[in-house]
There are 2 protein chains.
Amino acid sequence: MSGIHSVSIVGTGNIAHHLGKAFRDAGVPISDIYGRNSASAKELGLKLNCAVVASLDDLSGDLILLCVSDDAVVELASGILEHRRLAYTSGSVPLSSLPNRTFSGVFYPLQTFSKNRDIDISIVPFLIEGNTLQHESELMQLASRISQQVLSANSNDRLHYHVSAVFVNNFVNHLFSKGKEHIEEHDLNWEVLQPLIHETMAKISDLEPLQAQTGPALRNDKRTIERHLNELEGKSKEIYTLLTQSIQQSSEK
Amino acid sequence: MSGIHSVSIVGTGNIAHHLGKAFRDAGVPISDIYGRNSASAKELGLKLNCAVVASLDDLSGDLILLCVSDDAVVELASGILEHRRLAYTSGSVPLSSLPNRTFSGVFYPLQTFSKNRDIDISIVPFLIEGNTLQHESELMQLASRISQQVLSANSNDRLHYHVSAVFVNNFVNHLFSKGKEHIEEHDLNWEVLQPLIHETMAKISDLEPLQAQTGPALRNDKRTIERHLNELEGKSKEIYTLLTQSIQQSSEK
């Protein structure tokens, strides 16, 4: 048997939904799915029009794809027969965490997924790794069926990309939360900030982030920084203080 | 005399460049400019095709617009005759910092400006305040000649918007710097992060930031967080720790 002709999906979260949908749309057969939460598994099974199984042993796809949180990968893999072909979608779990398997691999989409939001999977970078050349090559072929951006990356490089992704997505999004929280605490209009957010992103396509930097921290406008800190408390104040220091440190380099 | 028929610009930085260009393009006469740095003033004068004067006393526009850093507004204003019509572009300086003037006001564009990057001024929100109704109304009319988004905002509200702007622009951009720094330290490819950055911004137009949040901090993937922290040092490590705590605190609310 060569090639991956069908996929079993383990997990029912955001990544399982989006990858499942991408496989379905690309005509990759999804044999079945398994999830600890049976209601979620049933819902996803209906959406993907595939069987829902009650045990990992019942999964019948050529590849078992673990779409679960990073911390659950190792434990779940231990419940799957060693000779089954396996891959997981986690950014940070090193492949060496799954020793003694015939075929283990990584199928990591570098993107943020939310359930009720469509994503163009075809431009999502997939970072692929396999414990054998053959397995890696087959995972890359599978990824190529749904995306035009397929890269081979070892566990260290994938971890570095994941760290950077946390900064440019998770932390950036949290700063939007904090900015919005401040606006709403004062009964002002969040929409007024939208052109600035739009330009923040547009800038980053054209300029180096260091060139794009502006604001009171960079200019060391001490009185402005003091006025801003007087407005803030708790974590927002700590974030303001630390990021101001960090901007100033970066500009001195 | 009623209405502002010409503008004198003080300052030669990013805001002076962009507002000057916007006035020129909208047909608002720029009488002259003044800047401490005479080479920069000459350059801007050539660009805007207007006179460069050697002293604040020589400025002849109906309105003197201080396009200078927040910390320089008060000092510069003290060198301008009290009866001259004045406004400044700062987000954080309260109008009460300029008492005893006949006409003082604020002309604050809520946007990030870099010199070599064009901006569509017509969608930039201008937050306007005047010490008299007449002055405020005239500043709003002037802003309307270059932008479709003109708001009246008092000094407190403007300060709140400015704080939020620092979070959603200055701090967000710095996180891009930090993310890029990490990628380059490991000789990896920053372009791989671009689809994620693009989706981060696209999401924020459609979803609440709290709904858009994903990642190891939100899921409390302890082993992932530990792996990431082991990768980092200095300010990047401090930022990772603080923003992880802050995301977790926000999700508990």
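Let me begin at the contact between two helices. A:Ala165, A:Val168, A:Asn169, A:Val172, A:Asn173 and A:Phe176 in H5(A) meet B:Leu196, B:Ile197, B:Thr200, B:Met201 and B:Ile204 in H6(B). By class, this contact comprises eight nonpolar residues, three polar ones and no charged residues. I should state at once that the model before you is predicted.

How, then, are these two helices arranged? Two packed helices are described by the angle between their axes and by the distance between those axes. Here, H5 covers residues 155–185 of chain A, and H6 covers residues 194–206 of chain B. Their axes lie 9 Å apart, and the packing angle is about 15°. Angles under 35 degrees count as roughly parallel, and H5(A) and H6(B) are therefore roughly parallel to each other. As for handedness, H5(A) passes H6(B) in a right-handed crossing.

I turn next to a lysine in chain B. B:Lys235 is located in helix H10 of that chain, which spans residues 234–252. Is the residue buried or exposed? Its relative accessibility is 15%, so B:Lys235 counts as buried, the limit for that class being under 20%. Which residues does B:Lys235 touch, once those up to four places away in sequence are set aside? From chain A they are A:Leu242, A:Gln245, A:Ser246 and A:Gln249, and from chain B there is B:Lys178.

Now to the cysteines. How many disulfides does a search of the whole structure find? Over all chains, the number is zero. Consider A:Cys50 and A:Cys67 in this light. For A:Cys50, the closest cysteine sulfur is that of A:Cys67, at 12 Å, which is too far for a bond; a disulfide would require the two sulfur atoms to be within 2.5 Å. The search from A:Cys67 leads back to A:Cys50 as the residue with the closest cysteine sulfur, again at 12 Å and too far for a bond. Both side chains merit a word on accessibility. A:Cys50 counts as buried because its relative accessibility is 14%, and A:Cys67, at 7%, likewise counts as buried.

Finally, chain A as a whole. The chain contains ten helices and eight strands. Its C-alpha atoms fill a box of roughly 70 × 40 × 30 Å, taken along the principal axes. Of its 253 residues, 60% count as buried. Among contacts in chain A with a separation of 6 or more, 55% are accounted for by residues 24 or more positions apart.

Technical notes:
Residues are numbered from 1 along each chain as its sequence is written. Chains are lettered from A and ligands numbered from 1 in the order in which they are written. This is a predicted model: local features need pLDDT of at least 70, side-chain atom pairs count only at pLDDT 80 or more; totals for chains, interfaces and linings use all residues. Side-chain values use heavy atoms; hydrogens and water are left out. Axes are lines fitted to C-alpha atoms, for helices over the stretch in contact, and angles run from 0 to 180 degrees between N-to-C directions. Helices (H or I, at least four residues) and strands (E, at least two) are DSSP runs, numbered from the N terminus. Angles under 35 degrees count as roughly parallel, over 145 as roughly antiparallel, 65 to 115 as roughly perpendicular and the rest as oblique. A crossing is left-handed if the near helix is turned anticlockwise from the far one by less than a right angle, and right-handed if clockwise. Contact means heavy atoms within 4.5 Å. Ala, Val, Leu, Ile, Met, Phe, Trp, Tyr, Cys and Pro count as nonpolar, Asp, Glu, Lys and Arg as charged, and the others, Gly among them, as polar. Buried means under 20% relative accessible area, exposed over 50%, partly exposed in between (1.4 Å probe, protein chains only).
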